[in-house]
Amino acid sequence: MGKAAASAANAIAVSKKYTLQSTGIWERVRRVLSIDPNRSTGVPLNPQFRLPTPGALPPLSYDDPVTLPAADIADNPYWKRDVRRNYPRQSVVNQGDATGLLIVGSQAAPKENALQAGGAGEKQLVSLKQEGEERGLAAAFAKDKSIIEGVLGPDGLPPLPVKLNSSSYQLGSGQGYPEKYPCRTFV
């Protein structure tokens, strides 16, 4: 009993607390219906705890506590961060690249005597790429007719697609239904 009386004596009046309270008739109703009439609502007074107000700060003055560039949404898509899956990579060949590949060849299959040696070859590659981007493949075909023969077949048609399944399956004699039990009977 002594502790309860001591804590009641130390209680602060509701009017002295820094919280919003009801007034008038509603304060009387709250005191009658509440278990502890001296307990506050817990809603703080706005001028006491909201200075400066959230809208008063300029938005650019606040620094997000994040690490850049990982937090940049524009340059950090999920497919670049996800190391568990092997997403397909885009492969783009534009007109300049295609022109250079047709005239000079690739590193795996270079055309003989098409590329000069040393620094002159680098300049030749740059000029071929610029010319291909500016004029396109049609200008390269008009300039040198032998490029078309490298792309098209001997009869002037484009190459046929590769046959991935060139072998046909043959069932052995022990597989499948026996001859006396046909799968279908046609009468």
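Modeller: A salt bridge here is a side-chain nitrogen of Lys or Arg within 4 Å of a carboxyl oxygen of Asp or Glu. Keep that in hand. This is a predicted model. In it, Glu27, Arg30 and Arg31 are linked in a network of salt bridges.

Biologist: What makes arginine 30 and glutamate 27 a salt bridge?

Modeller: Their side chains come to 2.8 Å, N to O. The cut-off is 4 Å, so the pair qualifies.

Biologist: How do you know that arginine 31 and glutamate 27 meet in a salt bridge?

Modeller: Same test. The N to O distance is 3.4 Å. The limit is 4 Å, so this pair counts as well. Glutamate 27 therefore has a salt bridge to arginine 30 and one to arginine 31.

Biologist: How far apart are arginine 30 and glutamate 27 along helix 2?

Modeller: Three residues, which means about one helical turn. Arginine 31 is four residues from glutamate 27, again about one turn.

Biologist: Why is glutamate 27 called buried or exposed?

Modeller: Its relative accessibility is 14%. Buried means under 20%, so glutamate 27 is buried. Arginine 30, at 19%, is buried too. Arginine 31 is at 36%. That lies between 20% and 50%, so arginine 31 is partly exposed.

Biologist: What makes arginine 135 and glutamate 131 a salt bridge?

Modeller: Their closest N and O atoms are 3.8 Å apart. The cut-off of 4 Å admits them, so the name holds. They sit four residues apart in helix 6, separated by about one helical turn. Arginine 135 has 59% relative accessibility. Exposed means over 50%, so arginine 135 is exposed. Glutamate 131 is partly exposed at 23%.

Biologist: How many salt bridges does a search of the whole structure find?

Modeller: Seven.

Biologist: Back to helix 2. Why is isoleucine 25 called exposed?

Modeller: Isoleucine 25 has a relative accessible area of 53%. The cut-off is over 50%, so "exposed" fits. Isoleucine 25 also helps make a nonpolar surface patch of about 600 Å², with Trp26, Val29, Val32 and Leu33.

Biologist: And threonine 99 in helix 5? How do you know that threonine 99 is buried?

Modeller: Its relative accessibility is 4%. Under 20% is buried, so threonine 99 passes. Beyond four places in sequence, threonine 99 touches Leu128, Gly132, Gly136, Leu137 and Ala140.

Biologist: What makes the approach of threonine 99 to glutamine 95 a polar contact?

Modeller: The side chain of threonine 99 reaches the backbone oxygen of glutamine 95 at 2.7 Å. The limit is 3.5 Å, so the distance satisfies the test.

Conventions. Residues numbered from 1 in each chain as written. Predicted model: local features only at pLDDT ≥ 70, side-chain atom pairs only at ≥ 80, totals over all residues. Heavy atoms only, no water. Patch = residues over 30% accessible without salt bridge, like charges linked within 9 Å, V, L, I, M, F, W, Y side chains within 5 Å. Areas by Shrake-Rupley, 256 points an atom, 1.4 Å probe, with all protein chains shown as cover. Buried < 20%, exposed > 50% of the residue type's maximum accessible area, 1.4 Å probe, protein only. Polar contact = N/O pair within 3.5 Å; in protein donor to acceptor, adjacent residues only side chain to side chain. Contact = heavy atoms within 4.5 Å. Helix = DSSP H or I, 4+ residues; strand = E, 2+ residues; numbered from the N terminus.
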